[in-house]
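Trainee: I have just opened this one and could use a guided look. Could you walk me through it?

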Amino acid sequence: MDNKEMVIIKIMGDISEIVDIDSKKLRAVLDEAFNGYTIGKESYELVVSDLQEKISYFLASKKIDSVKSNTLYNYNLKLQHFANTVVKPANMITTHDIRYYLAILAKTKNLKESSMVSTMSVLKSFFSWLCNEEIIERDPMKKIKTPSINKKDLRKALTPEELEKVKNSCGDLREKALVEFLSSSGCRISEVQQLNIDDLDMHERSVTVLGKGDKKRTVYFSARAKLFISEYLESRKDKTPALFVSNRNPHGRLGVRGLQLIVKKLGEEAGIKSAIHPHLLRHTFATLAINAGMDITVIQSLLGHESVATTQIYATMNKDHIKSEYRKLIS
């Protein structure tokens, strides 16, 4: 993005805060007004930013609070991008600076609503911490409201047919074992990534996982998952204790990102237009379970949700099932 474009975005953001105006018409006026002009970039050579130091303190504090490593990684990724864009000392950053940053982010990254909400959430956590620790006097995120995600915009669960397509696209035993385990257990990918072979009770087809807040719960997996896991483990020549490992030497434990990429690739090979990810298989498990008549509180326990309201978001019954259940009882 060139300097002129950044200035136009900044002006549009400022004006939209004051008056309700047609953004397309405003854009056309600004494009015409700046036509023929070259805008130089302000030099930041003499500006000393302490954001890197503050980010390090923040992450260290969160680590002490037992925040998981993948969450810390996400925090660091988003905050580093912010620090590289807004080059100012922490106590000089204003609400205007953050609105400007979010406008640039929306323009250049073309983020989904959920991704933008995630970025804003990280910034809120960071600046709230700085304020609470009295490192800065005012929280610049306080006036910025995080938009709520419309539940209608959430990705629907896979249909049984789509799930079968994903399963049929599996090319090796590792992929088959992973998809069957995820879709029949409802586990989070972070929970699966931590599992060791010895954790599984193959006789009971169960395993105890460590979920959010370091809470343990027992989940179960299908006979088909047991079959593919057994065949996958028998095919392995390594001595790595992890349940899912890399196909390459030294066959180390697969990371969360590695597992996500496997599922994404399978979705693409299955010809499903929307992106397929591990959490969608968890969502699908919950939806299919409730549509099959499983009690919502049982699903809540299996998913590890503290509130049944959260389970209801993931396990939304479709209209056909509601109609079918109604007609069973009322003629």
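Mentor: We will go through the helices, the sheet, the cores and some backbone details. This is a predicted model, in which local features need pLDDT of at least 70 and side-chain atom pairs count only at pLDDT 80 or more, while totals for chains, interfaces and linings use all residues. Residues are numbered from 1 along each chain as its sequence is written, and side-chain values use heavy atoms, with hydrogens and water left out.

Trainee: Okay, how many residues does helix H12 have?

Mentor: Helix H12 (residues 278–291) has 14 residues and reaches 20 Å from its first C-alpha to its last, close to the 20 Å expected at 1.5 Å a residue, where the expected span is 1.5 Å times one less than the number of residues. Helices (H or I, at least four residues) and strands (E, at least two) are DSSP runs, numbered from the N terminus.

Trainee: And how many of the residues of H12 are buried?

Mentor: In H12, 12 of the 14 residues are buried, so this helix is largely enclosed by the rest of the structure; among them are Leu280, Arg282, Phe285 and Ile290. Buried means under 20% relative accessible area, exposed over 50%, and partly exposed in between (1.4 Å probe, protein chains only).

Trainee: Which residues touch the most other members in the largest nonpolar core?

Mentor: Those are Leu158, Leu178, Phe181 and Phe244, in a core of 37 residues. A nonpolar core is a set of buried Ala, Val, Leu, Ile, Met, Phe, Trp, Tyr and Cys residues joined through side-chain atoms within 4.5 Å. Apart from the largest core lies another, of 27 residues, including Leu51 and Phe58.

Trainee: Switching topic, what is the strand order in the sheet?

Mentor: The open sheet of 3 strands has the order E1-E2-E3, with antiparallel pairing, and two strands pair if DSSP finds at least two bridges between them. Strand E1 (200–201) and strand E3 (216–220) are the edge strands, each pairing on one side only, and strand E2 (residues 206–210) pairs with E3 over 5 bridges.

Trainee: Where is the cis peptide bond?

Mentor: The cis bond joins asparagine 249 and proline 250, with omega about 5°, and proline 250 is found in the loop between helix H10 (223–235) and helix H11 (256–269). Histidine 251 lies in that loop between H10 and H11 as well, and its phi is near 55°, a positive value in a residue other than glycine.

Trainee: Last one: is glutamate 134 buried or exposed?

Mentor: Glutamate 134 counts as exposed, at 73% relative accessibility, and has a positive phi of about 60° although it is not a glycine.
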